Structure formats: structure tokens, C-alpha cells
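Biologist: I would like to go through how two of the chains in this model fit together. Could you take me through the contact?

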Amino acid sequence: MFLKNCWYVAAWSDEVTDSLFARTLLDTPILLYRDSAGQVVALDDRCCHRTAPLSLGRREGDCVRCMYHGMKFDPSGRCVEIPMQETIPPQTRVRAYPVVERSRWIWIWMGDPERADPALLPDHHWLDDPAWRSLSGYMLHQANYLQVADNLCDFSHFSFVHPETVGGSVAYAKSQPRIERLDNGVRITRGLDNDEPAPFVKKLRPEWKAVDRWNNYEFLVPGVLLMDSGSVPVGRGGAGGSREGALQFRGCQAITPETARTTHYFFAQPHNFGIEDAEVTRKIHQVLIDAFEEDRHIISGQTRMLAFDPDFRMVPLGVDAALSHFRWVMNKRIREEAEA
Amino acid sequence: MFLKNCWYVAAWSDEVTDSLFARTLLDTPILLYRDSAGQVVALDDRCCHRTAPLSLGRREGDCVRCMYHGMKFDPSGRCVEIPMQETIPPQTRVRAYPVVERSRWIWIWMGDPERADPALLPDHHWLDDPAWRSLSGYMLHQANYLQVADNLCDFSHFSFVHPETVGGSVAYAKSQPRIERLDNGVRITRGLDNDEPAPFVKKLRPEWKAVDRWNNYEFLVPGVLLMDSGSVPVGRGGAGGSREGALQFRGCQAITPETARTTHYFFAQPHNFGIEDAEVTRKIHQVLIDAFEEDRHIISGQTRMLAFDPDFRMVPLGVDAALSHFRWVMNKRIREEAEA
Amino acid sequence: MFLKNCWYVAAWSDEVTDSLFARTLLDTPILLYRDSAGQVVALDDRCCHRTAPLSLGRREGDCVRCMYHGMKFDPSGRCVEIPMQETIPPQTRVRAYPVVERSRWIWIWMGDPERADPALLPDHHWLDDPAWRSLSGYMLHQANYLQVADNLCDFSHFSFVHPETVGGSVAYAKSQPRIERLDNGVRITRGLDNDEPAPFVKKLRPEWKAVDRWNNYEFLVPGVLLMDSGSVPVGRGGAGGSREGALQFRGCQAITPETARTTHYFFAQPHNFGIEDAEVTRKIHQVLIDAFEEDRHIISGQTRMLAFDPDFRMVPLGVDAALSHFRWVMNKRIREEAEA
């Protein structure tokens, strides 16, 4: 069961064009396309007549025609033409979903449309802020979204999963983050002064021998990570002090369940240095892909083990504080929704 | 659950030879072969001893020997040899099924053999009538047989699924067929005068600018379509008038469940023009294959969507009259069989 | 459900090295590796913290470190380091399994470790007796282990499944074995004097025209076959008489469930002739592989048929005496374990 009344990232802006784009979200096949004004339309990707996928259909103006029996639906999901009959029964419609496009992400609301308030959207303006540059990343996890959320709530895995990419010293794993429990997620403040630079930092700044580094972020319902991270030569004060000359990032990541066993993962790593050089952006993006493939490998391993014993009782550790709170918040919200 | 007491097409005549041929029908693995007199034998493809497939066995005379422990069965399914012992317990047998071979189709009766009356077979003599020519078509649908039946009960999809093959104008979709509810299926009479020729008709007769066309057929339990279809230059009277110079067909199609999720589809398109020219027959057959691949694509899409929500309530339209009646007949017959 | 309190073959000795080796046994993922003294360690291949596979981890001394969050476990399964905290909760451990390595086989005890008595191990010293030579065979069956056990309990299938490899005349299928019911399995004594040599014997000894042959073996819980087999020129007395000049073998085979639907199969065919010639050993091993692929083919066919009707009632024959007793013993032992 998924939380419905919240905004989910459905796609990167450039994934959705005039063409018909199919993606399953929350176990629900969705059709996405842009109308002639460029507005994104989101409809159930299933004709209400005989369940043929509308994504196998045809754009006609702002509408989409099912290419099984020719039913035509407008962007609101209303059927506007049944070729074989004059009258259109009122229940002849597919569900349309509220959509908001903002800063390169297309957000969708799968719950009660009355409650789809754009004010609830988190701020991820770094994705299209001219002072920052990033590429669009996408990956499909073969895992339940909460396993991916667990991973994102606890960066102590950096030293073990990512020793050659974004991780580094075991000291960083041992650094104790500050965990703030939020109503809609968790805020994590993590930093270490005078640490060995992470491998990717060594490549970008080979002359740096030691750094102050930080990963400060919120991880919010239903799975959005917004992060201030970076490294600066040691002694410049790190997270709490000056960031002059720092390598700074504003990571934006979002997970959206595809099904109970698979998860969409959208990610970007905006940086504000070297932004005139596309090669810098490309290299930073590649580090992310490499690191997230490492995550995917270990998370798929977890999935494989859980399949043998889905009820296995994990041994909780102190390091699980953030992920436990996030799971608690999600469970609470899902339960409340079920009761309402 | 499938209807048992009826004839199903098991194979094309030329699929079954002296060799052992395995095909699953109604979720039941069946072994087919010809005895020395050329008679088709149909047995459960499962040795009664330890369930090894008889189709991995060996023909010996008119019998088949299981190549696990050497049990030998005659065409009636009776065990006639157990190499390791003299006595043969009477329950040592596999089930044999009544079979009738007629006009290139091998029919099988999976229910009570007492009721297997060849008089119940429909007439499809066009498959081997010397005045008509056709090739043998076969396809496996990744869908429940009723989805394929739906497709065959309603040709309004021609204009949307088959615009480049057997379909054509939207006007044809809008033409109102006459639906006659039969005890064992449905009779459909559909035609349109002064219509644009279907794409394949344009290729066969490029000089024809407008035609009277028709698709008149019965779709009978458990899924047999027998059709009189064709096109004739406009004004010659169409279905009700003269067919002089017409392109005429006697489509013979049958669907047989392989499992609840897969369906055998046998098809041919006998024609009575240009029958001395094998290339004409080949071209007509290719049109059918192309068109039925189009059907398979959209039907697989349906299957994919139904998997997300098997209980989805479809919105019924007037155009569903024939398929609704066919489903009603099938359900009724299956229910009666279960109660008997 | 599997029998737990017994020894299973987990691997060939040379499969397990300093590296981390993952194998699923009895539906349980197991990690195997050797410590610095060469002793085999067997642990649950699942970190107790967040279920990541330990086999994706790293050997560190005699320990293994989970490469998700860095938990380190010693060969007893005790957690000896949690990088992110000082105290280690006592429940932080993975299960370790008793292991005995003997004569090239690594045995594992998946039940109550208190009862893991090496004295219960059967004698298979031929695998490393200097007077005998063999290669290590492994195969994964796509079948429940009892289907493989059935196959090994009844060699009447030799004449039908293996006519070109280890089988031969139908007379051998008809020879009546002596079946002795044991508390922990079955003893089978089977031989035929003046029989046609098996195909592989013909290749090894083309000059032999007729032989006395025998297959005498025990098949023991949970699936260990230990066999004295061979052929000798006719008239030398066969199983009961002189074996001078015989081709003699001491087959060692073991099946271990991977899951309920898949089965590990370990096999070797020690021989005591031509042991100085590696090519002889290689040829004998190849015959085994060829023959067991034939078994795998027919057993997979069984599996395929059983999937259609798992409750199919097989017709029992006299030839099933040994397999019926073995299944009865296994069921009894499993039931007793469940009740205890």
C-alpha cells in the first residue's frame, strides 16, 4: 500500500514531450504527454472501455485516441468521441491526475485531487537555477522504495558501499550525524573536519590533502532528498564556517514506487563551480551514476535475501535512527489515509 | 475454468505426423501423433507411472513408449507393457481423447467422451474445397481466450487497429452490424456500401476506387469464426446483391485456450479468385499475419493492464453487444457443466 | 519443508577457498569460506542488521565484513565490530553452521548444532583414496530433490533413459534388484550375468562381448548414494564371484535441496583401473555427465507435467519399492522433526 495524498516525481521534464509516454507509478500505469500549450497531461493509461493502453493510442490535438476501438479522451480524461455511437455515457472517462511541472521535475498527485496543493511542493530550484549546473539521472531499483529510503537516510554506508566514489574514510562513517525528526521526514546534519577527501574530490582537486566535508539534507515524505553537501580544504571551517573555495553541491533526489518491488530513482547533483565547463558537470554526474550503481547492487542483494524470508527481524542499531523515523512517519501517514 | 464438452481445434492437419507432437490445450498437456493408418491419436502427455512426458518417449508401431521406465501405451491409452513386471494393473493407463480430422483441422473433445458427437462440428469445408485456396496460420496469444474472443466479436476495431492492413475508413467502424444472438454464439452481419477499399484490397485491385464491402460471420462456442467477407466495386450491390467480380473470402479461425493466460489461434483466409497463382494466396495470408500481429499487440497491452487490476470494471458500450452475448453463452455453458 | 537434523553435502572441497562463496541450501542462503587455518566457515549469508548479503562483503583475517554498513562477523557468527558505535548488542550475530570436511566433500548441518555428530557421516573415502581416481561433478536440477531421489532409487530407467551411455539392454531393466529397507534409507543389490556391455563399457573394453554386471548401493537420508558397480567378462562370476580384470567403480553421489524446486547434485565415479592415465578418468567422468544430463532432461519433463497438476496420483508399480521406502523414511523423519 502506498501513500496517495502527496506529490511524487513522475518524470524529468525532458522525458515528457508531445509523444505518448508510459510510466507505472504506485502500481498504476500512467500516460504522460504535453498538450499544445506545453502543459503536461497525466491520465490512467487504460481505456475505460476494454482496458487497452492509451499509450498505444494516438495524439489528436490535445486529446488521445485509444487505438483499439477509437474512443477519444480530452486532457481532463473525459471521453469526447465514441466513433460507433452518438451518445457518450457520463461514466465514460479515464482518471486524470493533477500535475505540476517545476524546475525540471514533473510532479504528480495520485490521491484526492482536492488536496493537490502546489504549496506542498519542496524547493528544488537548484535544478534550474542559472548559478548551478546538473544533468538528469534516472535509475530503476529492483527493490521496494523503503529499502531505497533506508539507504538515503543513513550515509554511514558511504565508507563501505562507496569507498571508490563518493565515500572515503571509515572516520566519516563513524562521524555522528545530528538527526532531527520532522513531521514529514527527517533532517540530517553530518560533517567531519580534517578528513581524507572522497575519491571524486581527489580527482576534482588533486592538490587537496585533507578537507572539511559535510552532507546536510532533508529526506521528506514520500522520498525526496534535498542536500547541501561539499568539501573545503581543511581549516576553512567546514559546514559551520567559511565555504570559500569549496566544492559545493545541492543534491536533488526523489524516489517513486513503480510497483511494490521496483522503484524509480530520479537524481541530480547541481554544482556551482566550473559551471561554464560541460565536462565538469558530466564528470560529476558520472560519479553519481557510479555510486548509485553501487547502491543498487547492495540493495538488490538485500531484496534477494528478503525474498527468502520476508519476515526476517532485523537487528536495530543506533545508526538506524533516521530511517526508523522515516519509516514510522510513512507508516503513520499511510495508516491515517487508510482510516480516513 | 474451461468448457470441456465441446470440440476444440487442436492442430492443423499437417502439424501432426508420425512423430510425437506435444501441445497444451485447456491447461492439459496433450500428445498427438498419427498411427500407421494415419489416424490421429490424442493422449495425456504424462505417463501415469511417474508423470514423465510421453512426448519425450518413442513411437513403437501404433504405440508410444515412455522413455523413463519403459511403459508402453496403445492408442486407446491402455498400458500394454511394463518391462519390469508381468502383470499390468488395470488402472495403468493414460487418458485418450476423441479426435476428428476434417478439412485440415484436427478437432479434440476434452470433456465426456460419450458426448463427443462429430455432428456438432461446424462446417469449414472451405479449408479444403478445391474451389478455394488458403495457407495455414498459427499464432500464440499472451492473453486469456476471452480477450481474443472479444476482439473477434467486434470488427469496429478494424479502423483503429488495422488501418494499414484489413481495416480502412472510420466509416466502416461506424457501420452498424446486425447482431443475432444464437444459442451457441452470435451471428454478425456487417457491411458498408460505397466505402474506401481496405488497404489490402487496394493492393490486389488498385483500379478500384470505392467498394461495397461486407464481413458476415458466425462466432461459435468455444471460439470458432466462420466468415463470408469480401469487396466488390461500388454499385454492384454489395452483400445483398451481385458478387460478380468480387474479391471473396471464407475466413476460418479458431481459438483454443492453451492455459488461462495463453491462447492458440488457428486461422486461414480461403479465397476463390486467382487460385491458380500461389503468390496471390501467399500475399493474402501475409495480410492476415500482419493484421493479427496488430491484434496481438493491442490484446497483449490489455493483458498487461488487466494484470494491474484484474477486477477492473469496464464501461460497456453498444458495440459490445456481440461480445457480451458470447461471454454470457460461455459462462452459462461452463456453469451448467460445473453443476452437472 | 526439509529435514534439518542431518548432514548435507554443501560443496566440493575445491569450490570453497579464501574467497567468499555463496550457495543456497534448504532455501537458506549460506556463505562459505576458509579461515587462515583452512577450516571451512559456514554462516548465514545475510547480515543481521539490514539483510545485505555477506557474500558481497570482504574477508578480513578470519572474519567477514558486511560492505553495507561495515559490521564485522567472526567465524562463529558473532559481531566483533560495528564501526558507528562502541557497544555491540548481544543479539548482533549471524547463524554459524557446523561443517565437516572429509574426502573432498564439505558437509553442513542445518539443524540443531548440538546434534551435529560427525560419526553420522557415511563413508565415502573412495573420493580421496589413492587407489581410486575421480573428477568432481556438479549439476543443478530444476526439480524437487525427491524427484531426483526417485531417479536414483530405481535403475530400471537405465535401459530407457541411458541406452547410449550407462544403460544398455532391456534385460537389465527386467533384472529384479534385491531391496533392503534400512532405517535411514535403502540398500539395493542389482546385477545381471551374461548381459550386453553398457555402451560406455564397450568403449573402454571393445573386446568384451558379454559381461556380468552389477550396481550395488545404498541410498541414504537425506540423499547420499554410495555404490559398488562394475562389469567383468561373462563367466567370471559377476557380483558374487571373482572380480579379476573387472571394471570397478565406487560411485559417490549426493543431492542437497537448493530450494523446494531446485536441487544440487554432486557426483563422482571413482575407478581403480587405469588410474595413472588422466584421460581414462576424464572419459569416465564425461560418461557420467552425459548420463546425468539425460536424467535431468526427463526429470525436468516430470517437473513440467507436475506443475500442471501437483496433486496427480501416480500409479504405483512394483519397481517403486525402493523409492517408496525412501520417501516414507524422509517423510517420517521430517514429521518427527516437526513434532519435536
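Modeller: Copies are superposed by least squares on the C-alpha atoms of residues with pLDDT of at least 70 in both. This is a predicted model, in which local features need pLDDT of at least 70, side-chain atom pairs count only at pLDDT 80 or more, and totals for chains, interfaces and linings use all residues. Residues are numbered from 1 along each chain as its sequence is written, chains are lettered from A in the order in which they are written, and side-chain values use heavy atoms, without hydrogens and water.

Biologist: What turn lays chain C on chain B?

Modeller: A turn of 120°, with a shift of 0.0 Å along the axis and an RMSD of 0.0 Å. That is the relation of a three-fold axis.

Biologist: Which residue of chain C comes closest to the axis?

Modeller: Ala307(C), whose C-alpha lies at 12 Å from the rotation axis.

Biologist: And how many residues does each chain give to the contact?

Modeller: Chain C gives 31 and chain B gives 26, where contact means heavy atoms within 4.5 Å.

Biologist: What about the buried area?

Modeller: About 2600 Å² is buried between the two chains, 65% of it from carbon and sulfur atoms. Buried area is the accessible area (1.4 Å probe) that two parts lose on being put together, summed over both.

Biologist: Changing topic, how many salt bridges cross the interface of chain C and chain B?

Modeller: Two, taking a side-chain nitrogen of Lys or Arg within 4 Å of a carboxyl oxygen of Asp or Glu. One of them joins Arg50(B) and Asp150(C) at 2.6 Å, N to O.
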